[in-house]
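Please read the account below alongside the sequence and the three-dimensional view, which are shown first.

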Amino acid sequence: MDSETTVLAERDDLRVVGGYPGANATDVTMEDDRTVTLAPDPRDAGHEWFFYWNVTVESDAERTVDVSFDREVVGPWGPAVSRDRRTWSWLGSDAADDHRGFRYEFGAGERTAFAFSVPYVRADFERWWTSVEQHERVHRQTLTTTANGRPVPLVQIGDLTADTHVLGACRHHACESPASYALEGWLGALAADPPSEWCAHVVPLVDLDGVYRGDQGKSRLPHDHNRDYGRSNGALDDIEPLYPTTAAIKRYVRNIDGEVALALDFHSPYKWGDPHDRVFFACSPEDATAADRRFARFLDEACDRTDDAMAFAADAGFAEPGGRSAGTTFTAFLDRAGATSSRTLEVPYFGTEGNRATPDRWRGLGRATDRATRQFVAPIE
């Protein structure tokens, strides 16, 4: 189902390529064979502008290429960079003069991908799945198919007949890829030691079509996937969702027989700045319940005990409005469905110098989330 790559601009023996899963760029121009200008493509997002971009540059000859943008969309560690679109690292801050561009030295015949942050697409999930699919009490179903006919995976880990359940979701906003690495760490730790007294039900790629197309996803018109769980002014849950995946999630939740102890929706926040440089729950401190604060305390302790985990501080762990039962989000819907705690976990794109984001550290945060989950769900004796 993956499309062929598309040449977006070409000058002599230098090409800018898109069209592959996760690619995003518009207004691509080349003044000469050493200078590329482009912009993030908001597509059908309600934003006039948003920050996610992802392109590949091919150079037949050795040269240094300058890539520039008209706004600040290059992070503090430079862009994410990859030779194979599978293994990614940060190019480095020394390659960027400011947040509006970077330079790269190409070898002859080199083909290199660059992105705002480290991408995570369906192929990455499938590679992870092959590492756990033989484990006991690890199951996979097709939740539904998207509007474009793509099967949406549902992962179930634990005892399917249990009375206690945990719900998880990720990529309600297509561009928020760091959240997928944290989710992968969470799922991997759960799969390594599946719970025997409860079951986790997780939809890892909610806006699967958007992830494939390289959409921003946030504020998609007429509303995005995470605003598709009902209306906030009147009847909430008798409104038919716009998207097949959110409709299927609502049906699935209603058919769960037992208590939902925890619901987590993995997101990434704005590009940088406080509080977006740190891990936090999208919830104002005054709206956090006792259960929310208990889980945050467990996560704080778990991050301290987990190798390569991004840090989380419970005393600063709640920031920005997150909505409770009156909202139209996944977590608001689960709150109305009776979840003991239902929260959005924001996973930063970049972090800070002392708490730098990398795929391994995002996964470490996920492993810490597993520890916190088990402690939170365990019966209080």
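The report that follows takes up a strand and its pairing partners, a helix and its packing, and then the salt bridges and aromatic pairs.

## A buried strand and its partners

The model is predicted, and every value quoted here was computed from it. Within it, strand β13 covers residues 164–170, and because seven of its seven residues are buried, the strand is largely enclosed by the rest of the structure. Its side chains point in two directions, with T164, V166, G168 and C170 directed one way and H165, L167 and A169 directed the other way, and all of them are buried.

Strand β13 pairs with strand β15 (residues 259–267) in the parallel sense, over seven bridges, and with strand β14 (residues 199–203), also in the parallel sense, over five bridges. Residue A169 takes part in both pairings, since its bridge partner in β15 is D265, while in β14 the residue that stands opposite A169 is V203. Between β13 and β14 the chain crosses through helix α2, and this β-α-β crossover is right-handed.

## Helix α1 and strand β11

Which residues of helix α1 (residues 122–130) are buried? They are D124, F125, W128 and W129. Viewed down the axis of α1, these buried residues fall within an arc of 140°, and they therefore line one face of the helix. The elements against which they pack are β11, β12 (151–158) and α2 (178–192), and α2 is also the helix through which the chain crosses from β13 to β14.

Strand β11 spans residues 138–145 and includes T144. With a relative accessibility of 16%, T144 counts as buried, because the cut-off for that class is under 20%. Apart from its neighbours within four places in sequence, T144 is in contact with R150, P151, V152, P244, T245 and A248.

## Salt bridges

The count of salt bridges comes to 24, and three of them are set out in the table, with the distance between the closest N and O atoms.

| Salt bridge | Distance, N to O |
|---|---|
| R15 with E10 | 3.9 Å |
| R122 with E126 | 2.7 Å |
| R374 with D370 | 2.8 Å |

In the bridge between R15 and E10, R15 counts as buried at 15% relative accessibility, whereas E10, at 49%, counts as partly exposed. The bridge between R122 and E126 belongs to helix α1, in which the two residues lie four residues apart, about one turn of the helix. Both of these residues are partly exposed, R122 at 22% relative accessibility and E126 with a relative accessible area of 25%.

Residues R374 and D370 both lie in helix α7 (residues 359–377), where they too are four residues apart, about one turn of the helix. Here R374 is partly exposed, with a relative accessible area of 23%, while D370 counts as buried at 7% relative accessibility. Elsewhere, salt bridges that share partners join D41, R43, D44, D207, R213, D215 and R220 into one network.

## Aromatic pairs

A search of the whole structure finds 26 aromatic pairs. One of these is formed by F51 and Y349, whose ring centres are 5.5 Å apart and whose planes stand at 85°, so the pair is edge-to-face. Because F51 lies in the loop between β4 (35–39) and β5 (54–59), and Y349 in the loop between β18 (341–346) and β19 (351–352), the pair ties together parts that are 298 residues apart in sequence. Residue F51 is buried, with a relative accessible area of 1%, and Y349 counts as buried at 1% relative accessibility.

The rings of F106 and F114 have their centres 6.2 Å apart and their planes at 75°, so this pair is edge-to-face as well. Both partners are buried, F106 with a relative accessible area of 5% and F114 with a relative accessible area of 1%.

Where do F51 and Y349 belong among the linked rings? Ring pairs link them with F50, W90, F116, Y270, W272 and F350 into a cluster.

Terms used:
Residues numbered from 1 in each chain as written. Predicted model: local features only at pLDDT ≥ 70, side-chain atom pairs only at ≥ 80, totals over all residues. Heavy atoms only, no water. Buried < 20%, exposed > 50% of the residue type's maximum accessible area, 1.4 Å probe, protein only. Contact = heavy atoms within 4.5 Å. Arc of directions from axis to C-beta. Pairing = 2+ DSSP bridges. Right-handed = clockwise from strand over helix to strand, strands pointing away. Salt bridge = Lys/Arg side-chain N within 4 Å of Asp/Glu carboxyl O. Phe/Tyr/Trp six-rings, centres within 6.5 Å; stacked < 30°, edge-to-face > 60°.
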